[in-house]
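Q: Please take a close look at one helix of this protein, and set it against the chain as a whole and against another helix pairing.

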Amino acid sequence: RPQAEVSREMSAVMRGRVLGALGILAAVHALTHLELLPVPFWVITLTVSMLLIYGGSLYSLMLSRFASESDEGEAAMSQQDAILMPIIASGVLLVLFYSFDFIPDYAVNGLLRVYFGVLGTFGVGSMAAWVLEAVGTQAGVVTGAVRLGELPFGMGSYTAFDLLGLCVGAAVSAAEAYAKLNGLSVHWILNNAMGAAFCFEALGKFSLGRVSTGVVMLVGLLIYDIVMVFGTKGILGRGVMQSVAAKVDGPILLMFPNFSTDPDVPVRFSKLGLGDICFPGAFIAMLLRYDAFRSAVWRHTSVKGTADEEAQLAKLAKDTPNERVPAGLPGGAATTHKFSSPYFIASAVAYLAGLAVTLVVMLVFKHPQPALLYLSPACALAPLVTALALGDFKQMWGYTEEAEEDAAKDKAAAQKKEEAVEPAPVAVADGGSKPATFAEVAATEPPVEQAAPEPERLEAEAPVSGGGPRRRKRRAD
């Protein structure tokens, strides 16, 4: 079948799955609020968390593979950012900790309310705009979003769906604040709606850049969790993270009700920080993108594919003969939208196991637990073990999404290679010869015959398979 047809089918399938995950999330919250879902709170916690990971990862894959070239790319993290993240997070947490000691709680929370209100408006608005457009596209009503105008400061264009989504985001943000201030029971659903939008946007539009960067980030967050929960308790007499989480009034946590059979007992909530989903989730989403990259089928269906990416995929398919490689040169026809995802499955199962262990320890010891203490090592080890089992460690560890950095490296390597070429001799008037620059050689009439490069250099400078010289790197070293 034609490549464009398969690409449309793949996009439609993933769009349907993301919408399905969002629909199940909404149904779980509604049934739980109405007390029509007679399951323990920990089952709801595991279900909601995995739906956010699954849906957010597919959302990330959709944006990376089927967004137009004019759309804004993902924000990539460097290894330096990964190292600094726990340090910066610790500083922010300590500032909030001492702010609550010296400033009235209502003043600090008032500022945070304004911040989260603005953040929620745009976060929920962006997700709502995508949902509205996706539903219309799946129903066959919408064939493409019409751009209405340009945003200031070169921030891009906007569509009718963006305006509608912004209205939805403002309404949800205002309703959440009103429900919180008036103690309405529906507050936890609105809080989770904002939190889910933050998670989807973070997973969809944030890239760790490299697998190695993700591992460094998870190790740093593990140390951060240990220090902020246990270390500060020994030094300051109370855990900084628990104190801040108990006082902050804003959608920084997902809330899961634990209903009592006694109607006189108020509802208690189990809480899970958004960071416990977003940070491991961003790593898992990148592993799904790597699964898609390493699959030979996807080499034929990338709308955004460049000649260099096709060559990398062709080489990868040659290095992994167990993958099914469709016949024909890159750019031919694919036959299916399916691809194997061992890294995504392994890391998602590891996340589920780590979160389950967190809940078990919490219930046994009746004390809140730092989830990243269990999630970070589980999610970091899962792809490493999978890569060793598949014999794919070098490819997996070298996977990168840092296009600009790779392009700069390619340019520097090409310049170095060009400088290493010996200049051709040019005849001069006195019958001798002298080394000439490339410009002099080109200007000489008739052109002096130049020595052929060595066979190795010919092979290195040959165009990549699939046509065209190398332009930029996108996916693999």
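A: In this predicted model, the protein chain exposes about 24500 Å², of which carbon and sulfur atoms supply 66%. The chain holds 16 helices and eight strands, and buried residues make up 44% of its 477 residues. Where contacts join residues at least 6 apart in sequence, 77% of them link residues at least 24 apart.

The helix to examine is α12, which covers residues 372–390. Its 19 residues should span 27 Å at 1.5 Å a residue, and because its end C-alpha atoms are 27 Å apart, the expected and modelled spans agree. The buried residues of α12 are Leu372, Leu375, Ser376, Cys379, Ala380, Ala382, Pro383, Leu384, Thr386 and Ala387. The cover over these buried residues includes α7 (211–236), α9 (275–294), α11 (342–365) and α13 (393–397). Just after α12, Gly391 adopts a positive phi of about 65 degrees.

One of the covering helices, α9, also packs against α6 (residues 187–205), at an angle of about 40 degrees and with the two axes 9 Å apart. Angles from 35 up to 65 degrees fall outside the roughly parallel and roughly perpendicular ranges, and α6 and α9 are therefore oblique to each other. The crossing of α6 past α9 is right-handed. On the α6 side the meeting residues are Cys199, Ala202 and Leu203, while α9 contributes Ile277, Cys278, Gly281, Ala282, Ala285 and Arg289. Helix α9 thus appears both in the cover of the buried residues of α12 and in the packing with α6.

How values were computed:
Residues numbered from 1 in each chain as written. Predicted model: local features only at pLDDT ≥ 70, side-chain atom pairs only at ≥ 80, totals over all residues. Heavy atoms only, no water. Helix = DSSP H or I, 4+ residues; strand = E, 2+ residues; numbered from the N terminus. Expected span 1.5 Å × (residues − 1). Buried < 20%, exposed > 50% of the residue type's maximum accessible area, 1.4 Å probe, protein only. Contact = heavy atoms within 4.5 Å. Areas by Shrake-Rupley, 256 points an atom, 1.4 Å probe, with all protein chains shown as cover. Axes fitted to C-alpha atoms, helices over the stretch in contact; angles between N-to-C directions. Parallel < 35°, antiparallel > 145°, perpendicular 65-115°, else oblique. Left-handed = near helix turned anticlockwise from the far one by under 90°.
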